[in-house]
Amino acid sequence: MVIAIGCDHGGFLRKEEVKEHLISLGHEVIDCGTNSLDSCDYPIFGRAVAENVASGKAQFGVLVCTSGEGIMMTANKVKGVRCGIGYNDEVASLMRQHNNANVISFGAKFMNKEEVLHRVDIFLNTEFEGGRHERRVKLIEK
């Protein structure tokens, strides 16, 4: 699977952990940056991940900033992207099952490494249920 990842300075260390984890599972990773702890603007990296997913270069995306909010909002501005914050295990699953989310976001300040990696796995291994949810996803896409 090809997965695009990105972060700002507040999520850099967590992004590096996610990247290592994904590679260890055999996934191809497109690292959209940032690549240091130097202060930067999260919209640049959130948009880069979202554009990789929307274009089909990546099947999924993972984003990290301090809260998970700003970078998620940025990703959702790109047509074809449905991003939510994986703030607990159930939500990480439901956003795939019910919303066919293709990008997940995390707040590095509020989630530890183990939580994030576990929720990335849940997200990537959960299928969209379709059915009654298909109609709603089509409404989102309009």
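1. Between which strand and which helix does the loop that holds Thr-34 lie? The loop in question runs between strand S2 (28–31) and helix H2 (42–55). This is a predicted model, and the points below should be read with that in mind. Thr-34 counts as buried, at 9% relative accessibility, although its place is in a loop. Leaving aside residues up to four places away in sequence, Thr-34 touches Cys-7, Asp-8, His-9, Phe-12, Lys-15, Cys-40 and Phe-45. Of these contacts, Cys-7 belongs to strand S1 (residues 2–7), and Phe-12 and Lys-15 fall within helix H1 (residues 12–24). Thr-34 and Glu-115 are 81 residues apart in sequence, and their C-alpha atoms are 22 Å apart in space.

2. The backbone at Thr-34 deserves a check against the coordinates, since the peptide bond that joins Gly-33 and Thr-34 is cis, with omega at about 5°. A second backbone point concerns Asn-100, a residue other than glycine whose phi has a positive value near 50°. Most residues other than glycine have a negative phi, and most peptide bonds are trans. Asn-100 lies in the loop between H4 and S5 and counts as partly exposed, at 22% relative accessibility, whereas Thr-34 is buried.

3. Strand S1 (residues 2–7) has 6 of its 6 residues buried, so it is largely enclosed by the rest of the structure. Both of its faces are covered, with Val-2, Ala-4 and Gly-6 buried on one side and Ile-3, Ile-5 and Cys-7 buried on the other. S1 pairs with S2 in the parallel sense over 4 bridges, and within this pairing the bridge partner of Ala-4 in S2 is Ile-30. S1 is also joined to S3 by 5 bridges, again with the strands running parallel, and here Ile-3 stands opposite Phe-60. The connection from S1 to S2 passes through helix H1 (residues 12–24), and the three elements make a right-handed β-α-β unit.

4. Strand S5 (residues 103–107) is likewise largely enclosed by the rest of the structure, because 5 of its 5 residues are buried. Val-103, Ser-105 and Gly-107 point one way from S5, while Ile-104 and Phe-106 point the other way. Strand S3 (residues 60–65) pairs with S5 in the parallel sense over 5 bridges, and Cys-65 has Gly-107 as its bridge partner in S5. Strand S4 (residues 83–85) runs parallel to S5 and is joined to it by 3 bridges, with Val-103 as the S5 partner of Cys-83. S4, helix H4 (residues 89–97) and S5 together make a right-handed β-α-β unit.

5. The largest nonpolar core has 37 residues, and those with the most contacts inside it are Val-18, Leu-22, Val-62 and Val-120. Helix H5 (residues 113–125) gives the most to this core, with 6 residues. Which residues does Val-62 touch, not counting those up to four places away in sequence? Its contacts are Ile-3, Ala-4, Ile-5, Gly-6, Val-18, Val-49, Val-103, Ile-104, Phe-106 and Val-120. Among these contacts, Ile-3 and Ala-4 are residues of S1, and Val-103, Ile-104 and Phe-106 are residues of S5.

6. The structure holds 1 aromatic pair. The rings of Phe-60 and Phe-123 have their centres 5.6 Å apart and their planes at 75°, so the pair is edge-to-face. Phe-60 lies in strand S3 and Phe-123 in helix H5, so the pair ties together parts that are 63 residues apart in sequence. Both partners are buried, Phe-60 with a relative accessible area of 12% and Phe-123 with a relative accessible area of 0%. In addition, Arg-96 lies over the face of Phe-123, at 5.9 Å from the ring centre, and Arg-96 itself falls within helix H4 (residues 89–97).

Conventions
Residues are numbered from 1 along each chain as its sequence is written. This is a predicted model: local features need pLDDT of at least 70, side-chain atom pairs count only at pLDDT 80 or more; totals for chains, interfaces and linings use all residues. Side-chain values use heavy atoms; hydrogens and water are left out. Buried means under 20% relative accessible area, exposed over 50%, partly exposed in between (1.4 Å probe, protein chains only). Helices (H or I, at least four residues) and strands (E, at least two) are DSSP runs, numbered from the N terminus. Two strands pair if DSSP finds at least two bridges between them. A crossover is right-handed if, with the strands pointing away from the viewer, the path from the first strand over the helix to the second runs clockwise. A nonpolar core is a set of buried Ala, Val, Leu, Ile, Met, Phe, Trp, Tyr and Cys residues joined through side-chain atoms within 4.5 Å. Contact means heavy atoms within 4.5 Å. Rings of Phe, Tyr and Trp (its six-membered ring) pair if their centres lie within 6.5 Å; planes under 30 degrees apart count as stacked, over 60 as edge-to-face and the rest as tilted. A charge sits over a ring if NZ of Lys or CZ of Arg is within 6 Å of the ring centre and within 35 degrees of the ring normal.
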